[in-house]
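Reader: Please take a close look at one part of this model, the protein surface that faces the DNA. I would like the contacts strand by strand, and then whatever bears on them.

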Protein chains: 2
Amino acid sequence: MLDERKTAILSAVVQEYIATAQPVGSSHIAETPSINVSSATVRNEMAHLEHEGYLVQPHTSAGRVPTDKGYRYFVDHLTTPGRLDAATTRQVGEFFSAAHGRLEEMLHQTSNLLATLTNNAGVVVGPRAEAVPVRRVQIVGLSATAATVVVVFTNGTVENVPLELVEGDDELKLSAAGAHLSAGLDGRVLGAVSDVEPTGDAAVDRLCTTALEALRATASPDQVFTGGAAAVAKAFDAVEVVRSVLATLEQQFVVVTLVSDIVNRGMSVAIGVEHGVEPLSACSVVVAPVVIDGEHLGSVGVLGPTRMNYPQALATVEVVSEQLGNRIEEG
Amino acid sequence: MLDERKTAILSAVVQEYIATAQPVGSSHIAETPSINVSSATVRNEMAHLEHEGYLVQPHTSAGRVPTDKGYRYFVDHLTTPGRLDAATTRQVGEFFSAAHGRLEEMLHQTSNLLATLTNNAGVVVGPRAEAVPVRRVQIVGLSATAATVVVVFTNGTVENVPLELVEGDDELKLSAAGAHLSAGLDGRVLGAVSDVEPTGDAAVDRLCTTALEALRATASPDQVFTGGAAAVAKAFDAVEVVRSVLATLEQQFVVVTLVSDIVNRGMSVAIGVEHGVEPLSACSVVVAPVVIDGEHLGSVGVLGPTRMNYPQALATVEVVSEQLGNRIEEG
DNA sequence: TCTGGCACTCCAGCCTATCGACTGCCAGCG
DNA sequence: CGCTGGCAGTCGATAGGCTGGAGTGCCAGA
């Protein structure tokens, strides 16, 4: 734990560095209104802070830069939850009331919304459709050998998978199978249903079984949407860092793991190396779970340089996750 | 028009520069097997080529670099259509036979496919769903006030839009409206249908009308998918160029206009300033229309530095557009 | 018409010197 | 005892000067 003055100095360093991206020196800090000591005293304190790992000097005779530990102390102790300013809140509200159509499309746009609001990369890990109960199933024939299985979920989203037909599968059988599946699945979650009871009609039973199989096979591997590549390019000066961050962001699996990990550990911010993804060690991730009907079904987050604006990112992510949750509940 | 030797030299310069990204000097060219003259002669020819605008020197005493005009001559006269190598062709085939589910998702993945195959940004301007005939319409009630309209198209893709219900819209009315719409729309294109004939039941008619309206409202403004931000970051050394290219790629409107423009002018390659989008003046764009049932309903393309591998890009874009077209036709 | 050779140009890399922004430390003051 | 002003020291960033090398243009001769 740090005494009051060290705390004030650390806070000032972090804020100055976030604002300028330049190492900050003792005299700058001494000029801060809230600090009423001379630069010499600040120097002493900063030396302590460095010794304890909150700050580092890029080199002797340079100012100091916060370490991951320094940022961590800042977000844990010096950051008020901070309301999002009214204009932004309204913008988010408008976005979600204007949003319509496909869930995926909305999620994708949400990642872009996060990106533009925070000037960082936005990440949305999709609520998996399987966790939402089924409302209706229908099988639509397209030709003699092809059909599409359409599933409508209770939240209004729709999934579809192709299905191959065999001889004897006529329209009647298809709609019978659809009706039977609807009855068997209505109100239940796809993952919870292993099979429906037989109807006695072999063809219908076969259709039901294969359709169900196809549906479970399509069980979307957690879908993830990212946006804001340009923001990443703006955030870092070194082009290699831009490259490695962008390359990592394109590996969906890594992003999903990263975000889920943080959420599952009950954290909302992972700073620098804390998240353990080496190519992103210059980045922090701020996340919030998306809760739908009391269940945690997805996450939203932003990813930016460790010197990002944490209060703003936290507030934004919070508001967006909440409104996204509401929006999905409504359907 | 250039004589044979100038042509050979220009070609060698372009290829060397594409491979190395370094200004190429006369002696390098003279060593090329297909060039059987001394470096002095090559120098003379290169001076001519520069005078005529095919090459430039970044500065005296540096090698030469192709201009946009130089690349243009190269792709117009020196590039054989070039088959894609078998392995890649197979990869594309596998991709499309494995592709399933939502059209949008597939298009999005197609942009990523283009990106990974060519190491450039991939762009897909979506074939608008409205051009595909409808197979079936269904309205599924979710609650007393909300429903989802599901449209299955003949190619197996599915669209859905939310619909608000009013008092008196019960399940019976919903399915009646669905059936009526199915009958009225079956085999026809959404855009071609302005209204269905009345049934006599006011509630059903209202449902049909509003559902149809909602469907036409969702008429996606040309959708565009881009992928491969990391490739862009790898293609340019200067971080400002990366920034401006990525920022431009995020402006969907600009991308759609850019691609449509090129396709509409009947071109398949736009080099540097040819496409007129200033922030992308360091980029070339290679496109191919996606043709479905004889109609041009979308485009695929790649965007990369002017020193991209044109033959490969052309071949890739060609194969992908063709297979994407087939895939969508089949559904 | 082509070629070898030569003089010339100019960037990239390296070294050096200078400047300035820091720090650490110390002695003195309240 | 803690704070402060001051001073010496450190090191990166910047600018200037030098050199080596890659490349050119041009010319005279085959």
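Author: In this predicted model, 17 residues lie around DNA strand C, and Ser26(A), Arg64(A), Arg5(B), Thr41(B) and Ser61(B) come nearest. Of the atoms of DNA strand C that come within 4 Å of the protein, 69% are accounted for by sugar and phosphate.

Some individual contacts can be listed for this strand. The side chain of Ser26(A) has an N or O atom 2.5 Å from a phosphate oxygen of DNA strand C. Thr41(B) also reaches a phosphate oxygen of DNA strand C, with a polar side-chain atom at 2.6 Å. For Ser61(B) the partner is a base oxygen of DNA strand C, and the distance from a polar side-chain atom is 3.3 Å.

In terms of secondary structure, α3 (39-51) of chain A and α3 (39-51) of chain B each supply at least two residues of the surface near DNA strand C. The largest share comes from α3(B), with 3 residues. By class, the residues of this surface divide into 4 nonpolar, 9 polar and 4 charged.

Now the other strand. DNA strand D is surrounded by 19 residues, and the closest are Arg5(A), Thr41(A), Ser61(A), Ser26(B) and Arg64(B). Sugar or phosphate holds 69% of the atoms of DNA strand D within 4 Å of the protein, and the rest belong to bases.

Two of the contacts to DNA strand D involve side chains of chain A. An N or O atom in the side chain of Arg5(A) is 2.6 Å from a phosphate oxygen of DNA strand D, and one in the side chain of Thr41(A) is 2.5 Å from a phosphate oxygen of that strand. Chain B takes part through its backbone: an N or O atom of the main chain of Ala62(B) lies 3.4 Å from a sugar or linking oxygen of DNA strand D. The elements that give two or more residues to the surface near DNA strand D are α3 of chain A, together with α2 (26-31) and α3 of chain B. Here the largest share, 3 residues, comes from α3(A). This surface has 4 nonpolar, 11 polar and 4 charged residues.

The relation between the protein chains comes next. A turn of 179° and a shift of 0.1 Å along the axis lay chain B on chain A with an RMSD of 0.7 Å. The two copies are therefore related as by a two-fold rotation axis. The copies meet through the same surface, because 100% of the interface residues of chain B are also interface residues in chain A.

One residue of helix α3 of chain B deserves a separate note, and that is Glu45(B). With a relative accessible area of 7%, Glu45(B) is buried, because buried means under 20%. Its side chain and that of Lys6(B) are joined by a polar contact of 3.4 Å. Apart from neighbours within four places in sequence, Glu45(B) is in contact with Arg5(B), Lys6(B) and Ile9(B). Of these, Arg5(B) is also one of the residues that come nearest to DNA strand C.

Last, the cysteines. The structure holds 0 disulfides over all chains. Cys208(A) counts as buried at 1% relative accessibility, and Cys208(B) counts as buried at 1% too.

Terms used. Residues are numbered from 1 along each chain as its sequence is written. Chains are lettered from A and ligands numbered from 1 in the order in which they are written. This is a predicted model: local features need pLDDT of at least 70, side-chain atom pairs count only at pLDDT 80 or more; totals for chains, interfaces and linings use all residues. Side-chain values use heavy atoms; hydrogens and water are left out. A residue is near a molecule or strand if one of its heavy atoms lies within 4 Å of it. A polar contact is a pair of N or O atoms within 3.5 Å; within protein, one must be able to donate a hydrogen and the other to accept it, and residues adjacent in sequence count only if both atoms are side-chain atoms. Helices (H or I, at least four residues) and strands (E, at least two) are DSSP runs, numbered from the N terminus. Ala, Val, Leu, Ile, Met, Phe, Trp, Tyr, Cys and Pro count as nonpolar, Asp, Glu, Lys and Arg as charged, and the others, Gly among them, as polar. Copies are superposed by least squares on the C-alpha atoms of residues with pLDDT of at least 70 in both. Contact means heavy atoms within 4.5 Å. A disulfide is a pair of cysteine sulfur atoms within 2.5 Å. Buried means under 20% relative accessible area, exposed over 50%, partly exposed in between (1.4 Å probe, protein chains only).
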